[in-house]
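Visitor: Got a minute to walk me through this fold? I'd like to start with the sheets and then move on to the helices.

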Amino acid sequence: LFRSDWSRCTDRIDIASAKDNFNETGYINVVDFLSKAEVQVIRSELQRYIDEVVPTLPPDRVFYEDKSRLNTLIRLERMHQHDDFFRQFSESPTINGLADALLGKSCEPNNVQFFSKPPGAKATPPHQDGQYFMHDKGMTFWLALDVADAINGCMYYVPESFKGGLLDHQKGDTLGFSQALVDYPAEFSKREVCMEASPGTLLGHHPYTVHRAGPNKDPVQWRKALGFTFWAKDCKTDSQLKAKYQEYQESLKAQLEAEGKI
């Protein structure tokens, strides 16, 4: 089970400074949000989850670059629904409450994900999470478990891009990222910031912040991270949003099954 003695997120970060930066750029970057010892706990629990839980999961919860090769795992979905540790982590004040402080809304965990780029993994296309959320009342956090750099596929943010609202997307061909921006203008390429991260670094971004990740060109180094999404609690009472989101998820699952990707 998750250690309840881990300190609160509000004791790990200067909230006022982080909120100012978030409101200006659309993202945060907190180095050493978790200690080395805490990262090691997460890594151990993740390996347990992969060994013991993944074999029991339905195919739409597990994604591989090549589903015939188990060592090409690139993504896990809804981990909090299948494991007490990751549910308790997402609900704990170690991370739960940070979205509330930055957004000024009462939020709750929506998803816990594992993002991985094994050697040779493809790039993640530029996109906005709001295209998947179907709203802007939430936030995504990305917790580095390995070193992430320009070689092995770190994140890139476009500062202030969230101020332009939701941009046009189209169907993407990258497994796990079904949506991609129709256009990634030269201006974005010039402005984007390389978000290299050490283990324990926490990145976080607005649903409309444009971001991408490069391919993993390192021959041996993986790039692993946990993702947490938090949505405003009032999303739960929006029946129209819930129906629209569920319809999209079911359509995506059917598409992936038809293409033999899951």
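**Sheets first**

Guide: Sure. One open sheet has seven strands in the order β1-β11-β6-β13-β4-β3-β2, and its pairing is antiparallel. Its edge strands are β1 and β2 (62-64), each of which pairs on one side only. From one strand to the next, the twist averages 15°. Keep in mind that this is a predicted model.

Visitor: How many bridges hold β6 and β13 together?

Guide: Seven bridges, in the antiparallel sense. Within that pairing, Ala144 stands opposite Ala225 in β13.

Visitor: And which strands does α1 touch on that sheet?

Guide: α1 packs on the sheet against β1, β6 and β11, and its direction makes about 140° with that of β1. α2 lies across β3, β4 and β13, running at about 95° to β3.

Visitor: Let's stay with α1. Which of its residues are buried?

Guide: In α1 (residues 15-25), the buried ones are Ala18, Phe22 and Thr25. They sit on the same side of α1, because they cover an arc of only 90° around the axis.

Visitor: What covers them?

Guide: The cover for the buried residues of α1 includes β1 (27-30), α4 (98-103), β6 (138-144) and β11 (202-205).

Visitor: What's on the face turned away from there?

Guide: Ala16 and Asp20, which are exposed.

Visitor: How about the ends of that helix?

Guide: At the start of α1, a side-chain oxygen of Asp14 comes to within 3.3 Å of the backbone nitrogen of Ala16. After α1 comes Gly26, with a positive phi near 95°.

Visitor: Switching topic: what can you tell me about the four-stranded sheet?

Guide: That one is open too, with the order β5-β12-β7-β10 and antiparallel pairing. β5 (124-127) and β10 (193-195) are at the edges with a single partner strand each, so one side of each has no neighbour in the sheet. On average, neighbouring strands here are turned by 20° against each other, ignoring direction.

Visitor: How many bridges join β5 to β12?

Guide: Two, and β5 runs antiparallel to β12 (residues 211-213). His127 stands opposite His211 in β12.

Visitor: OK, aromatics. How many aromatic pairs are there?

Guide: The structure holds 12. Among them is Phe85 with Phe86, an edge-to-face pair at 5.1 Å centre to centre, with 85° between the planes. Phe85 and Phe86 are both buried.

Visitor: Which aromatic cluster are they in?

Guide: Phe85 and Phe86 share one aromatic cluster with Phe2, Trp6, Tyr49, Phe89 and Phe228.

Visitor: Back to helices, then. Which residues of α3 are buried?

Guide: In α3 (residues 84-91), they are Phe85, Phe86, Phe89 and Ser90. Their arc around the axis is only 125°, which puts them on the same side of α3.

Visitor: And what do they pack against?

Guide: The buried residues of α3 pack against α2, β4 (107-117), β6 and β13 (223-232).

Visitor: What caps the N-terminal end of α3?

Guide: Asp83 does. One of its side-chain oxygens lies 3.1 Å from the backbone nitrogen of Phe85.

Visitor: Now Leu46. Buried or exposed?

Guide: Buried, with a relative accessible area of 5%; the cut-off for buried is under 20%. Leu46 is found in helix α2 (residues 36-53).

Visitor: Which residues is Leu46 in contact with?

Guide: If you leave aside neighbours within four places in sequence, Leu46 contacts Leu76, Met79, Phe86, Phe114 and Leu145. The C-alpha atoms of Leu46 and Phe85 are 9.5 Å apart, and these two residues are 39 residues apart along the chain.

Visitor: Last one: where does Arg75 lie?

Guide: In strand β3 (residues 73-76). Arg75 is buried, with a relative accessible area of 10%.

Visitor: What does the Arg75 side chain have a polar contact with?

Guide: The side chain of Glu77, at 2.8 Å.

Terms used: Residues are numbered from 1 along each chain as its sequence is written. This is a predicted model: local features need pLDDT of at least 70, side-chain atom pairs count only at pLDDT 80 or more; totals for chains, interfaces and linings use all residues. Side-chain values use heavy atoms; hydrogens and water are left out. Buried means under 20% relative accessible area, exposed over 50%, partly exposed in between (1.4 Å probe, protein chains only). The arc is that of the directions from the helix axis to the C-beta atoms. Contact means heavy atoms within 4.5 Å. A polar contact is a pair of N or O atoms within 3.5 Å; within protein, one must be able to donate a hydrogen and the other to accept it, and residues adjacent in sequence count only if both atoms are side-chain atoms. Two strands pair if DSSP finds at least two bridges between them. Axes are lines fitted to C-alpha atoms, for helices over the stretch in contact, and angles run from 0 to 180 degrees between N-to-C directions. Rings of Phe, Tyr and Trp (its six-membered ring) pair if their centres lie within 6.5 Å; planes under 30 degrees apart count as stacked, over 60 as edge-to-face and the rest as tilted.
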